Amino acid sequence: MSDLTDKTLITELDVRGAMIGTTLRINETALVTPLAADLARERHIRLERVATADRQIHRKIAIVPTIADMK
């Protein structure tokens, strides 16, 4: 089993580096490229999504001034 939970994008190279029939642990929010997913299926590699302990949600907000603020 390989741990790739620190990666946010799983590519074909990540999957190609794994042994056939193994399990790759990936972050629950990681993106997997279509080519990586296809290769994992072909090589019988299981992608196991796991939650990270220090999971934080970062949200961007926009602060728009009102007309009263512009005076």
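What covers the buried residues of α2? The answer includes β2 (9-10), α1, β4 (31-32) and β5, and the views below lead up to that helix by way of its neighbours. This is a predicted model, in which local features need pLDDT of at least 70 and side-chain atom pairs count only at pLDDT 80 or more, while totals for chains, interfaces and linings use all residues. Residues are numbered from 1 along each chain as its sequence is written, and side-chain values use heavy atoms, with hydrogens and water left out.

**View 1. Strand β3 and its two partners.** Here we meet strand β3, residues 23-27. Helices (H or I, at least four residues) and strands (E, at least two) are DSSP runs, numbered from the N terminus. Four of the five residues of β3 are buried, where buried means under 20% relative accessible area, exposed over 50%, and partly exposed in between (1.4 Å probe, protein chains only). Strand β1 (residues 2-4) pairs with β3 in the parallel sense over three bridges; two strands pair if DSSP finds at least two bridges between them. Look for Leu-4, whose bridge partner in β3 is Ile-26. Strand β5 (residues 46-50) also pairs with β3 in the parallel sense, over five bridges. There, Asn-27 has Val-50 of β5 as its bridge partner.

**View 2. Thr-22 and Thr-23, side by side in sequence.** Thr-22 sits in the loop between α1 (12-16) and β3, while Thr-23 belongs to strand β3. Thr-22 is buried, with a relative accessible area of 17%, and Thr-23 is buried at 16%. Leaving aside neighbours within four places in sequence, Thr-22 is in contact (heavy atoms within 4.5 Å) with Met-1, His-44, Ile-45 and Arg-46. With residues up to four places away in sequence not counted, Thr-23 touches Met-1, Ser-2, Arg-46 and Glu-48.

**View 3. The two sides of helix α2.** Now back to the helix from the opening question. In α2 (residues 34-42), the buried residues are Ala-36, Leu-39 and Ala-40. Seen down the axis of α2, they fall within an arc of 105°, so they line one face of the helix; the arc is that of the directions from the helix axis to the C-beta atoms. An α-helix has 3.6 residues a turn, so residues three or four places apart point the same way. Which exposed residues does the face turned away from the buried side of α2 carry? They are Pro-34, Arg-41 and Glu-42. Just after α2, His-44 takes a positive phi of about 55°.
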